[in-house]
Amino acid sequence: IDKTRAMKSILQSLEGIKKLVELEEENVDAITSLGVCYGEGWGVEQDSNKSFKLYEKAAERGYARAQCNLGATLSCGEGGERDLKKVVLLFERAAE
């Protein structure tokens with residue numbers, strides 16, 4: 001695998017995701033994907049707070065993937081105080 005081409009592809013995808021989030025504020029899949037990028041530091045500087053806020057935004061709109069990601073984040077105490085009751089609630093909502 002050509003690492004330079006792979007990184008270029010990741011950065012292009014990231015730019016596309018950012019544009020979707022800007023243009024379609026209700027695009028919960030793009031919001032969650034951008035949260036993953038910030039959480040993992042893929043193509044951007046890692047920022048747990050931005051990641052948490054993006055997951056929270058999409059989770060509030062009922063997006064199951066974001067609810068799971070937010071629950072996993074909270075279970076580790078990232079982005080806020082560890083809150084296992086909220087974690088369980090998020091996982092239950094995601095399973096509905």
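User: What is a salt bridge here, and how many salt bridges does the rule give?
Analyst: A salt bridge is a side-chain nitrogen of Lys or Arg within 4 Å of a carboxyl oxygen of Asp or Glu. The model is predicted, so local features need pLDDT of at least 70 and side-chain atom pairs count only at pLDDT 80 or more, while totals for chains, interfaces and linings use all residues. Residues are numbered from 1 along each chain as its sequence is written, and side-chain values use heavy atoms, with hydrogens and water left out. By the salt-bridge rule, the count comes to 3.

User: With which residue does E15 form a salt bridge?
Analyst: Helices (H or I, at least four residues) are DSSP runs, numbered from the N terminus. E15 and its partner are separated by about one helical turn because they are 3 residues apart in helix α1 (residues 3-23). The closest N and O atoms of the pair are 3.9 Å apart, and the partner of E15 is K18.

User: Is E15 buried, exposed or partly exposed, and what is its relative accessible area?
Analyst: Buried means under 20% relative accessible area, exposed over 50%, and partly exposed in between (1.4 Å probe, protein chains only). Its salt-bridge partner K18 is partly exposed, at 24%. E15 is also partly exposed, with a relative accessible area of 41%.

User: How many residues apart are R61 and E26, which meet in a salt bridge?
Analyst: The side chains of R61 and E26 meet at 2.8 Å, N to O. This pair links distant parts of the chain: R61 lies in the loop between α3 (48-60) and α4 (64-75), E26 lies in the loop between α1 and α2 (28-40), and the two are apart by 35 residues.

User: Which of the three classes of accessibility does E26 fall into?
Analyst: R61, its partner, is partly exposed, with a relative accessible area of 37%. E26 has 55% relative accessibility, and therefore counts as exposed.

User: In which helix is D29, the salt-bridge partner of R65?
Analyst: The side chains of R65 and D29 meet in a salt bridge at 2.8 Å, N to O. The pair links distant parts of the chain, 36 residues apart, with R65 in helix α4 and D29 in helix α2.

User: How many disulfides does a search of the whole structure find?
Analyst: A disulfide is a pair of cysteine sulfur atoms within 2.5 Å. The search of the whole structure finds a count of 0.

User: How far from C37 is the nearest cysteine sulfur?
Analyst: C37 is in no disulfide, and the nearest cysteine sulfur is that of C68. C37 is buried, with a relative accessible area of 10%. The distance from C37 to the sulfur of C68 is 18 Å.
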